[in-house]
Amino acid sequence: MNIIVGNKLKQLRKSKDMSQEQLADCLCISQSAYARIERGEGTSWANYANKICEFFKITPEELVTNDIGQNKETTNDLNEAFIINQLSDKIVEQYEERIKELKKIIKDLKRKQKP
């Protein structure tokens with residue numbers, strides 16, 4: 001899936017005659033981070049899915065399919081479920097990381113309160 005999204009981003013970026021750096025600036029990420037997304041490395045594209053779709057005026061389904069003109073009726077449900085799962089997994093990961101950080105802060109505060 002990451003390679004599909006990476007290839008789609010490359011197509012879309014080139015259709016607007018933009019450099020990786022220009023698109024990275026629009027997404028507020030570094031050029032190297034954007035290049036990794038385009039190469040299909042990792043799932044960080046999910047963090048920027050809304051911005052990408054808004055910028056290119058496409059739907060999330062179009063972002064994760066091989067062809068922009070693909071038959072949406074046959075792939076819509078599967079793509080939508082996949083996108084929801086990808087995004088929800090990413091959100092869960094972020095919340096779990098934040099919970100770990102907060103637990104550490106609480107532990108440190110308790111340690112400082114003890115005489």
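Start by selecting Cys28: at 63% relative accessibility, this residue counts as exposed. Keep in mind as you click around that the model is predicted. Cys28 sits in the loop between H2 and H3, directly after H2. Check its backbone while you're there: phi is near 60°, a positive value in a residue other than glycine. For context, most residues other than glycine have a negative phi.

What about the sulfur? Cys28 is in no disulfide, and the nearest cysteine sulfur, that of Cys26, is 8.2 Å away. You can stop hunting for S–S bonds elsewhere too, since a search of the whole structure finds zero disulfides. For a contrast, hop over to Cys53: its relative accessibility is 7%, so this cysteine counts as buried.

Now zoom out and colour by secondary structure. The chain has six helices and zero strands, so if you read the elements from the N terminus you get α-α-α-α-α-α. Switch to a surface-accessibility colouring and 30% of the 115 residues count as buried. If you'd rather draw a contact map, look at the contacts with a separation of 6 or more: residues 24 or more positions apart account for 57% of them.

Next, step back along the chain to H2, residues 20–27. Which residues of this helix are buried? Show Leu23, Ala24 and Leu27 as sticks. Look down the helix axis and you'll see these buried residues fall within an arc of 105°, so they line one face of H2. Then flip the view: the face turned away from the buried side carries the exposed residues Glu21 and Asp25. To see what the buried side packs against, turn on helix H1 (2–15), helix H3 (31–38) and helix H4 (49–56).

Time to bring up the interior. Where is the largest nonpolar core best picked up? It has 21 residues, and those with the most contacts inside it are Leu9, Ile29, Tyr34, Trp45, Phe56 and Leu63, so select these six to get your bearings. H1, H2, H3 and H4 each supply at least two residues of this core, and H4 gives the most, with four residues.

With Leu9 and Tyr34 still on screen, go to the place where H1 and H3 meet. Two packed helices are described by the angle between their axes and the distance between the axes. Here the axes of H1 and H3 come within 7 Å and cross at roughly 115°. From the H1 side, select Asn2, Gly6, Asn7, Leu9, Lys10 and Arg13; their partners in H3 are Tyr34, Ile37 and Glu38. Colour this contact by residue class and you get three nonpolar, three polar and three charged residues.

Last stop: Lys57, in the loop between H4 and helix H5 (60–63). Is this lysine buried or exposed? It is exposed, with a relative accessible area of 72%. Now check the backbone again, as you did for Cys28: phi of Lys57 is near 55°, a positive value in a residue other than glycine. If you want to save one view from the tour, put Cys28, in the loop between H2 and H3, on screen with Lys57, in the loop between H4 and H5.

Terms used. Residues are numbered from 1 along each chain as its sequence is written. This is a predicted model: local features need pLDDT of at least 70, side-chain atom pairs count only at pLDDT 80 or more; totals for chains, interfaces and linings use all residues. Side-chain values use heavy atoms; hydrogens and water are left out. Buried means under 20% relative accessible area, exposed over 50%, partly exposed in between (1.4 Å probe, protein chains only). The arc is that of the directions from the helix axis to the C-beta atoms. Contact means heavy atoms within 4.5 Å. A nonpolar core is a set of buried Ala, Val, Leu, Ile, Met, Phe, Trp, Tyr and Cys residues joined through side-chain atoms within 4.5 Å. Axes are lines fitted to C-alpha atoms, for helices over the stretch in contact, and angles run from 0 to 180 degrees between N-to-C directions. Ala, Val, Leu, Ile, Met, Phe, Trp, Tyr, Cys and Pro count as nonpolar, Asp, Glu, Lys and Arg as charged, and the others, Gly among them, as polar. A disulfide is a pair of cysteine sulfur atoms within 2.5 Å.
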